[in-house]
Amino acid sequence: AAQLAQAAPNAVVENVYGPTECTVDAAYYRWDPLRGPQESEHGIVPIGFAGPQVGLLIVDDKLECVPQGEPGELLISGPQVTPGYWQDPERTAKAFIRLPGQDVVYYRTGDLVRQPTPDAPIVYLGRMDQQIKISGVRIELGEIEQILREVAGAEQAVAIGWPRSDSGATGIVAFIEASTPGDSVALREALKQRLPSVMVPRDIFFLATLPLNVNSKVDRKALLEGLESGTFSR
């Protein structure tokens with residue numbers, strides 16, 4: 001976003017957020033060269049503010065609104081929200097919900113977000129299923145990935161909780177997209193200066209290209225399957 005705004009100084013750069021289930025355009029954030037970097041989190045442009053007729057709520061695991069500034073799952077309501085999934089009532093019931101005392105249907109995005117202050121834009125922290133616990137400590141993998149990109153000077157970096165455990169994971173493994181393998185030992189030492197020890201990956205793998213899913217996003221499931229099968233091992 002910063003590079004695009006610099007290359008086209010007279011253009012308006014906006015981040016438009018919204019799942020397909022909500023007709024895509026649900027929230028907007030207009031990039032500002034001075035304010036944008038401070039309002040971004042984990043190196044990701046904010047989701048921003050609700051669009052016309054859109055309702056946004058941030059809730060906890062019990063579907064109760066979180067205190068201001070706390071992370072939670074983003075819910076979306078409004079006339080643009082689809083009635084459900086075609087001929088899939090079970091999946092529809094899980095994703096499209098009504099909260100107690102409200103006759104409004106909300107779509108559960110599965111996105112972990114936070115709104116620092118009432119007048120601040122909503123920021124994206126990652127997917128709910130990418131938040132893990134290690135020894136009781138809740139960890140946002142997006143924070144690790146941001147530091148990984150900065151320290152390694154890489155465009156793409158992925159952190160995965162591994163090995164898996166009943167409570168989440170017992171450690172973290174990282175993957176970095178790089179044309180040539182880097183020094184994982186030196187990189188881990190650099191990460192120790194920026195992250196708590198529990199968040200420093202045990203292993204770092206360098207791949208020429210990271211696998212992508214059908215949506216052209218990094219395929220975390222494929223990486224996890226590679227760890228399970230022993231494709232990635234020391």
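**Exercise 1.** In S2, which residue is the bridge partner of Val 16?

Solution. The model is predicted; local features need pLDDT (the predictor's confidence in each residue, from 0 to 100) of at least 70, side-chain atom pairs count only at pLDDT 80 or more, and totals for chains, interfaces and linings use all residues. Residues are numbered from 1 along each chain as its sequence is written, and side-chain values use heavy atoms, without hydrogens and water. Strands are DSSP runs of E of at least two residues, and helices are runs of H or I of at least four, numbered from the N terminus. Val 16 has Tyr 28 in S2 as its bridge partner. S1 and strand S2 (residues 27-30) run antiparallel and are joined by four bridges.

**Exercise 2.** Find which strands stand at the edges of the sheet.

Solution. Strands pair if DSSP finds at least two bridges between them. The open sheet has three strands in the order S1-S2-S3, paired antiparallel. Strand S1 (14-17) and strand S3 (49-50) each have a single partner strand, so they stand at the edges.

**Exercise 3.** Describe how helix H4 meets helix H5.

Solution. The axes (lines fitted to C-alpha atoms over the stretch in contact, with angles from 0 to 180 degrees between N-to-C directions) of H4 (residues 141-152) and H5 (residues 184-192) come within 10 Å and cross at roughly 120°. Contact (heavy atoms within 4.5 Å) involves Ile 147, Leu 148, Val 151 and Ala 152 of H4, and Leu 187, Ala 190 and Leu 191 of H5.

**Exercise 4.** State the confidence of the protein chain.

Solution. Mean pLDDT is 93, and 99% of residues reach 70 or more. Strand S13 (residues 168-169) is lowest, at a mean of 80, and S3 is highest, at 98.
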